[in-house]
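Reader: I should like to discuss this structure in a few questions, beginning with a single residue and moving on to the strands.

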Amino acid sequence: MKSLRYAALVVLAFAFLPTPSARAAGPAYVSIVAGRSFFQGADLACNPYPGSVDLLTVAQRLHDRTRPVSVYGEIQGEFTKSGTRYCPGRRGYHDIYPTWQDLATLRDSYGWSFGSNGRDLNYMTRGNRTPAQLWNTSCGALRDLRAHGHTRGWSLFAYPGGGDPDDVSDAVQHDYVSQCFGFGRKYDNTAPYETNQRSDEGSKSANPLGWQWTHNIYGGLCNLSGDPCASQTVSPMWHYENPAAFAALLSPAADSWSVLQFHVFVEGSRLSGADDHWDCTSADWRAHWSSRPELYCWTDFVKALDSIPATVTVTDPATVATAWGRTLSAPRVTHASPSAAGAGTQVVLSTANVRAVGSPSNAFISGNGLTVKFGATKATVVSANATSVTVKVPSLATSGPTPITLVNADGTSTKATGLFTYR
């Protein structure tokens with residue numbers, strides 16, 4: 001009987017031990033994303049709307065909160081200029097875009113980081129686009145980001161046109177975007193995606209293509225049935241979204257990630273004049289409306305942010321991609337031929353994990369984003385593919401063994417020693 005009682009105690013003790021597969025739940029993450037990183041709303045004549053909150057003001061207000069919030073901006077490369085803010089002045093893209101200097105201020109003063117909404121405006125999944133063009137729109141954007149000091153954009157690519165089914169495809173994601181980015185954006189109103197993404201849905205084993213689903217903040221018709229605001233002209237047709245619904249999205253469970261994307265914030269009201277109109281003045285959110293879904297009332301957004309639990313980590317997609325094992329493999333250089341040469345000689349490097357490349361016959365090669373250095377001196381990249389990079393040796397000050405450094409457009413790098421001697 002005594003031995004039976006002992007055996008029972010042993011069984012009971014083992015019942016409370018963790019199973020080998022058990023692990024602690026990871027953090028809950030929220031990312032706030034600026035879709036297309038509009039600097040400010042404007043009419044078709046490119047006049048800024050009074051009452052439209054510009055991006056630097058948004059950043060300052062978020063920074064001054066008791067719990068500061070930083071943002072991940074998706075920039076449209078074709079509309080991001082130096083010196084002067086650009087306004088295309090055409091339907092759908094008539095808002096004002098920030099300059100590279102604006103983006104640097106948002107990064108350095110407010111902790112924002114930036115990724116890509118495409119190096120150009122060409123859709124990835126429409127038209128007969130060549131492989132070089134697809135690389136340029138997606139991976140090529142990383143070259144521009146890195147050249148301007150933005151090193152975290154590799155984490156999330158926002159397909160030009162959006163994340164709806166016509167704008168994305170598994171084939172393009174597999175062959176191009178996933179080669180240079182941790183995640184590719186999809187909107188969550190595309191089945192079978194859920195409210196928030198769990199780590200087991202974001203891992204490479206469960207989600208090899210790297211799809212990430214994003215929730216948009218949209219304005220539109222007011223939610224008071226029979227009221228004149230419910231019959232305003234809204235294009236495309238949409239109903240103003242309840243800020244309480246966003247509050248629920250911003251409370252993800254442990255080991256989950258929620259991404260909330262905004263476009264342009266507005267305040268007060270604009271009830272007349274050309275182009276867009278809105279009314280954010282009522283104390284009742286149901287009376288709020290905007291004539292374009294991309295316009296949303298600032299006060300409602302703040303209410304949603306106020307609901308984020310203290311246990312949730314508000315961060316950018318790069319933090320999540322790193323935590324969930326979606327970082328990009330560093331390049332490798334395994335051989336140099338010839339292994340000894342002087343300035344001006346072409347050397348062929350045997351490589352692996354090289355990204356954002358093109359053939360010498362297309363314009364993309366000049367912007368392939370690869371940096372190769374012999375010692376501390378930059379070399380000229382003559383041609384490149386995934387397994388071979390041909391470079392022209394630069395002029396160096398001293399002879400002898402010389403390390404070779406290769407940096408991908410996404411910032412991953414390698415330093416190879418013992419492969420080359422400069423003569």
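Reader: In which loop does D120 lie?

Author: This is a predicted model, in which local features need pLDDT of at least 70, side-chain atom pairs count only at pLDDT 80 or more, and totals for chains, interfaces and linings use all residues. Residues are numbered from 1 along each chain as its sequence is written, and side-chain values use heavy atoms, with hydrogens and water left out. Helices (H or I, at least four residues) and strands (E, at least two) are DSSP runs, numbered from the N terminus. D120 is in the loop between β4 (113–116) and α4 (131–137).

Reader: Which side chain of opposite charge is nearest to D120, and how far away is it?

Author: Lys and Arg count as positive and Asp and Glu as negative, while His and the chain ends are not counted. D120 is buried (under 20% relative accessible area, 1.4 Å probe, protein chains only). It has no salt bridge (a side-chain nitrogen of Lys or Arg within 4 Å of a carboxyl oxygen of Asp or Glu). The nearest such side chain is R129, at 4.2 Å.

Reader: Which residue of β22 is the bridge partner of V381?

Author: Two strands pair if DSSP finds at least two bridges between them. Strands β21 (residues 380–384) and β22 (residues 388–392) run antiparallel and are joined by four bridges. They form a hairpin with three residues between them. Within β22, the partner of V381 is V391.

Reader: What is the strand order in the open sheet of three strands?

Author: The edge strands, each pairing on one side only, are β11 (269–270) and β13 (289–290). Two bridges join β11 to β12 (residues 278–279). With antiparallel pairing, the order is β11-β12-β13.

Note on methods: Buried < 20%, exposed > 50% of the residue type's maximum accessible area, 1.4 Å probe, protein only.
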